[in-house]
Amino acid sequence: MEKFEGCIFTALCSTNFLISCLLFSRVTREQRDPYMDEIFHVPQAQKYCHGIFNEWDPMITTLPGLYLVSVGLIKPVVWLTDLTGAVVCSTAMLRFINLLFNCGNLYLLYLLFCKLHLREKAQTTSRRILSALSLSSFPVLYFFNFLYYTDAGSTFFILFTYLMTLYGCHKTAAFLGTCSVLFRQTNIIWVAFCACTLVAAKMDEAWRAEDTKKRDEKSPPSQVPLSFSGGKKVMLFTLEFLMAPSHLKVVLLMAWPYAVVGMGFLLFVVLNDGIVVGDRTSHEVCLNFPQLFYFFSFTFFFSLPISLCYRRVLRFLQALKKHPLFFLFLTCICLLLVWKFTFVHRYLLSDNRHFPFYVWKRLFQRHELVRFILVPVYVLAGWSFIDSFKSRSLFWSLAFLACLLAATVPQRLLEFRYFIIPYLLYRLHMPLPSLPRLILEFLLYTAVNAATLYIFITRTFHWPDSTATQRFMW
């Protein structure tokens, strides 16, 4: 069975790579010159290709991980094939690096599904393979496989880091996490998440042990009530656990490689006087709490084929009926956060090449009350998101939510690319859906990919003050 599964997956990888290469060829023919952020990334990578490592474009805000990996892959190929001229480190060759990362992401997603859903029956072979294929074609991620952006590589190293964490290879995971930070500084949050999963596992053990002492052995495990008293109980337990020297020692012995990465990152922040390495005026930190609501809505839409069902709707209505005061309080908090903490980046209002520009213009700017009217949708999307984790442990879920909060809220700019990694981690930990639902998910992603690539290639336009061809993209 394993041999058959391996053959099927290998054939799938080959087919995926062939189709991606055909699409890559079409995109590159239509847009030969660097486009959007590529006008910064491509020249910087070409400097590295020519051995110029002491020049840096101040408009680039990320560390040079993408350029170092590109040079590390291209230079041996150039040496072996004796390539010369403009083709070396050309825009097309640099973009091709992300196609390789796409293949790696597909393989890593498959391995993660196998590891995370190990206890499920052998009949899930087709569902694991299709889940990996579906997530590797996740629209926002898949589109940037054809351009020279950091997203494909950033995702690859985070997935690789998490896989090594699950297998207990923590030193390797810490090294890969460092590589991910070199692609995008905010990946330090997901490196911390990997460490937090180790802490959460120990806390879950301690929680179960304490719970067993307080109840009869024949009684089922008690659930944390959806109330203020339940939240207080969890907070007090967390403080007691972290303050206990014995627990702290066990955690540090396991998570010290990640702690080293964290201390190295803090040293970088101090020396750099901030996280951003280039244009800091466009990446200011703020408390943009509605970003979390946008992420919940984004997740709700892309997971509709596998998350929406009659039973989940019924559970939501039952929760509303059972805890009306809690949901009323939650709605009021959301209204307050939307009112006081909504920030709009100037790029979102001025750059009409990005899809978020049109989402904001045609939805949020239609009327000033729209952002408040959408709060019930946020509550539903947020509840659906959390309900998907009911099979996961309490402290794992809390660790993920804390990291999600840290990754989304400080961002002023509404950018769907920032949602890629948290969405993939969310989807990876959902129970494996049925085959029909997976097919629906894959068809949705394929349709969105086809539409976005078609629009990018064919629906070009020009600005009044520029002769350059402009294209729509994520």
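This report looks at how domain 2 and domain 3 meet in a predicted model.

## The domains

The domain assignment splits the chain into three parts: domain 1 covers 1–148, domain 2 takes 151–212 + 237–280, and domain 3 runs over 284–433. Note that domain 2 is written as two segments. The pair to look at here is domain 2 and domain 3, whose C-alpha centres sit 24 Å apart.

## How much is buried

Put domain 2 and domain 3 together and about 1,800 Å² gets buried between them, with carbon and sulfur atoms giving 74% of that area. On the domain 2 side, the residues that lose the most area to domain 3 are I189, W190 and F193, and together they make up 31% of what that side buries.

In terms of residues, 22 from domain 2 are in contact with 22 from domain 3.

## Polar links

So what about charges and polar atoms? Between domain 2 and domain 3 there are four residue pairs in polar contact, counting pairs with both residues at pLDDT 80 or more. The rule also turns up one salt bridge across this interface. If you want to find it in the viewer, go to R417 and D151: their side chains meet in a salt bridge at 2.9 Å, N to O.

## What domain 2 brings to the contact

Three helices each give two or more residues to the side of domain 2 that touches domain 3: α7 (151–166), α9 (188–214) and α10 (228–243). Of these, α9 gives the most, with nine residues.

Sorted by class, that side of domain 2 has 11 nonpolar residues, six polar ones and five charged ones.

Key
Residues are numbered from 1 along each chain as its sequence is written. This is a predicted model: local features need pLDDT of at least 70, side-chain atom pairs count only at pLDDT 80 or more; totals for chains, interfaces and linings use all residues. Side-chain values use heavy atoms; hydrogens and water are left out. Domain bounds come from an automatic or database domain assignment. Contact means heavy atoms within 4.5 Å. Buried area is the accessible area (1.4 Å probe) that two parts lose on being put together, summed over both. A salt bridge is a side-chain nitrogen of Lys or Arg within 4 Å of a carboxyl oxygen of Asp or Glu. A polar contact is a pair of N or O atoms within 3.5 Å; within protein, one must be able to donate a hydrogen and the other to accept it, and residues adjacent in sequence count only if both atoms are side-chain atoms. Helices (H or I, at least four residues) and strands (E, at least two) are DSSP runs, numbered from the N terminus. Ala, Val, Leu, Ile, Met, Phe, Trp, Tyr, Cys and Pro count as nonpolar, Asp, Glu, Lys and Arg as charged, and the others, Gly among them, as polar.
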